[in-house]
Amino acid sequence: MEYKIKKLLVFCFAVISASGINIELATVASAAPVEAATIAAHLSSVKSMSGDFVQSGPKGQKTSGRFFLQRPGKLRFNYAGQSGVSLIADGKSVVIYNKKLKTSRLYALAKTPLKLLLDDKVEFSGNRLKSIRDEGAQVIIKLADKSAFGNSNIAMVFDRKSLDLLRWSLTDERDQITTVTISNVKEGVRAPPGTFNIDYAANREFNTTTK
């Protein structure tokens, strides 16, 4: 279970095939970057949201739960079931807790793909933008930042009409894809107090690896 969640952290972001996200920016129409900027501005305007999620791993395994997002930098995934697993970003770090196994993994947020989703001002431009594809009902945007997380890349899928984020997928350096699909999304919500708090003392106590 923890391995699958770690894949979400290290390789996050929409149920699309590898071939569906391989159109390079050079092949995109000249108007595409403007559209990408419009979508980025819309996503940036959503300062908070909550909803349900389903995570699909590279081997077809699925987990689900609830999420809360607050821009900039804050996110929480609570996984359903008896695992006691949660993923929390507090604006500086990201931690994966497993209460059942009494483990905790801490990462610098800036070194994970979650940063591209949680920035106060989302940027779909420059070298970061690798491709954009308009499929009629949906728009797929592929991003990468080699300096932050190597050769992995993120594909985000947006509703073409509303510009709302539907799902995201990240392909790792071994071409394995982990997907998160969100639903029942509510914007402008206020998360309960303490939702994004990371217990750094507990992390040290669990003697886990910091990356």
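Start with the whole sheet: 11 strands form an open sheet in the order β6-β5-β4-β3-β2-β1-β11-β10-β9-β8-β7, with antiparallel pairing. Its edge strands are β6 (103-108) and β7 (129-134), each of which pairs on one side only. From one strand to the next, the twist averages 20 degrees; axes here are lines fitted to C-alpha atoms, for helices over the stretch in contact, and angles run from 0 to 180 degrees between N-to-C directions. Strands of a sheet pair through backbone hydrogen bonds, either parallel or antiparallel.

This is a predicted model, in which local features need pLDDT of at least 70 and side-chain atom pairs count only at pLDDT 80 or more, while totals for chains, interfaces and linings use all residues. Residues are numbered from 1 along each chain as its sequence is written, and side-chain values use heavy atoms, with hydrogens and water left out.

Two terms are needed for the strands. Helices (H or I, at least four residues) and strands (E, at least two) are DSSP runs, numbered from the N terminus. Two strands pair if DSSP finds at least two bridges between them.

**Stop 1: strand β9**

Select residues 153-159, which make up strand β9. Is this strand mostly covered or mostly uncovered? Of its 7 residues, 6 are buried (buried means under 20% relative accessible area, exposed over 50%, partly exposed in between, with a 1.4 Å probe and protein chains only).

Now add strand β8 (residues 138-143), which runs antiparallel to β9 and is joined to it by 6 bridges. Lys-142 has Ala-155 in β9 as its bridge partner. Then add strand β10 (residues 165-171), also antiparallel to β9 and joined to it by 6 bridges. Here the partner of Asn-153 is Thr-171 in β10. The hairpin of β9 and β10 has 5 residues between the strands, and Leu-163 in this hairpin takes a positive phi near 70 degrees.

**Stop 2: strands β1 and β11**

Select residues 48-56 for β1 and 177-187 for β11; the two pair in the antiparallel sense over 7 bridges. Ser-56 stands opposite Thr-179 in β11.

Stay on β11 and pick Asn-184. Asn-184 is exposed, with a relative accessible area of 54%. Which residues does Asn-184 touch, not counting those up to four places away in sequence? They are Ser-50, Gly-51 and Asp-52, where contact means heavy atoms within 4.5 Å. The side chains of Asn-184 and Asp-52 also make a polar contact at 2.6 Å. A polar contact is a pair of N or O atoms within 3.5 Å; within protein, one must be able to donate a hydrogen and the other to accept it, and residues adjacent in sequence count only if both atoms are side-chain atoms.

**Stop 3: salt bridges**

Keep Asp-52 selected and add Arg-66: their side chains meet in a salt bridge (2.9 Å, N to O). Arg-66 lies in strand β2 (residues 62-70) and Asp-52 in β1, so this pair ties together parts that are 14 residues apart in sequence. Arg-66 is partly exposed at 35% relative accessible area, and Asp-52 is partly exposed at 23%.

A salt bridge is a side-chain nitrogen of Lys or Arg within 4 Å of a carboxyl oxygen of Asp or Glu. By this rule the count comes to 8.

Next, select Lys-115 and Asp-119, a salt bridge whose closest N and O atoms are 3.2 Å apart. Lys-115 is partly exposed at 29%, whereas Asp-119 counts as buried at 17% relative accessibility.

Finish with Glu-35, Asp-134 and Arg-160, which are linked in a network of salt bridges.
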